[in-house]
Amino acid sequence: MKKILVLGSGGQIGSELTVKLREVYGNSNVVATDLDVSRLTAQIKEDGPCLSCDATKAEQIAAIVKEHKIDAIYNLVAILSATAEKNPMLGWDVGMGALINCLEVSREYKAALFTPSSIGAFGPNTPLNGTPQDTIQRPQTIYGVTKVAGELLSDYYFKRFGVDTRSVRFPGLISYVALPGGGTTDYAVDIYYAAVKGEKFECPLAKGTLLDMMYMPDAIDAAIKIMEADPAKLIHRNSFNVTAMHFDPEEIYAEIRKHKPSFEMVYKHDPLKQQIADSWPNWMDDSAARQEWGFKPEYDLAKMTVDMLDKLSLKLK
Ligand code: VAH
């Protein structure tokens, strides 16, 4: 059975991806790591191997890959868009430092490597509606620059050294397990928490701000499915557009009010997040992912809203 290393198991994606990987490959075959292991959920700590790992230090990754005979690395280490914009060098050092280390270790130990990209890899002169798989990418955030650089480096390592690198451009991810941190799309998570807590929600993005979004279960399935895909069928590798829905604040607000009619939202503009969101696609064309490796999300806004409200009602009671 494959041995998997997850870098960033304490983050929004890692908290759920690690659990699902253990279901697929077996608890003892998935090594969960984070810079701060106290961030790991109790379930992840109990179910399988957990280690501290600073992904900006190549020797720490290499030691784990060697000792555990790792076949595939999921590199989830990044500083998200809005936070990185406040500290660009941190965003660059963490995002690119972790990636180049993973690429070199993968090359040396012949491990496959998954590193998520993002809609943040596009910029204001990218076609915003039906954003093509192959199109101009001139992002204006340091997060976006690291994602484009990451896509190019990952493709380079595949072509130059045969490293099995694969990636998807995630939209905004919505989940109830671990809170996101410092993302432009985080409002789409925070709004559900406010609704369940009975609080008025202050939306940082303006009415009409369309963004691609995905429920975390679909993101987790996509991350695993692409790594299990037949390499002979992959025309692209780094990185596939994937999306499940797109909406603006009014649409998610209206969907929640179907279940919580008294829920209130007001707008409290965040200029930085608005500027970032305005430079990202309204919605992407993800036909390449669907054709080359069978990407097929299960959740739309209505189905996600029912599940988010149910799960948060249990979590927050
Ligand atoms: C962010 N949630 O907002 C992340 C993501 C597509 C957005 O990369 O930075």
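This is a short tour of a predicted model, moving from its domains to the ligand.

Start with the protein chain and colour it by domain. The domain assignment gives domain 1 as 4-171 + 215-241, and domain 2 as 176-213 + 245-282 + 299-315. With the C-alpha atoms of each domain selected, the two centres lie 25 Å apart. Now show the residues where the domains meet: 24 residues of domain 1 are in contact with 25 residues of domain 2.

Next, select the ligand. Where does the ligand lie relative to domain 1 and domain 2? It lies between them, because both domains give residues to the shell around it. In terms of pockets, the ligand sits in the largest one.

Then display the surrounding residues as sticks. Leu80, Ser81, Ser118, Ile119, Tyr143, Phe170 and Pro171 are among them, as are Gly172, Gly183, Thr184, Thr185 and Trp280. By class, this shell holds six nonpolar and six polar residues, and no charged ones.

Zoom in on the oxygen atoms of the ligand and check three distances.

- Serine 81: an N or O atom of the side chain is 2.6 Å from a ligand oxygen.
- Tyrosine 143: here too the side chain supplies the N or O atom, at 2.5 Å from an oxygen of the ligand.
- Threonine 184: a polar backbone atom is 2.7 Å from a ligand oxygen.

Finally, switch on the surface. How much of the ligand's accessible area does the protein cover? On its own the ligand has 280 Å² of accessible area, and the protein covers 94% of that.

Technical notes. Residues numbered from 1 in each chain as written. Predicted model: local features only at pLDDT ≥ 70, side-chain atom pairs only at ≥ 80, totals over all residues. Heavy atoms only, no water. Near = heavy atom within 4 Å. Polar contact = N/O pair within 3.5 Å; in protein donor to acceptor, adjacent residues only side chain to side chain. Areas by Shrake-Rupley, 256 points an atom, 1.4 Å probe, with all protein chains shown as cover. 1 Å grid on protein atoms, 1.4 Å probe; cavity = no way out; pocket = protein on both sides within 12 Å on 5 of 7 lines; lining within 4 Å. Sits in = over half its atoms within 2 Å of the grid points. Nonpolar A, V, L, I, M, F, W, Y, C, P; charged D, E, K, R; others polar. Domains from an automatic or database assignment. Contact = heavy atoms within 4.5 Å.
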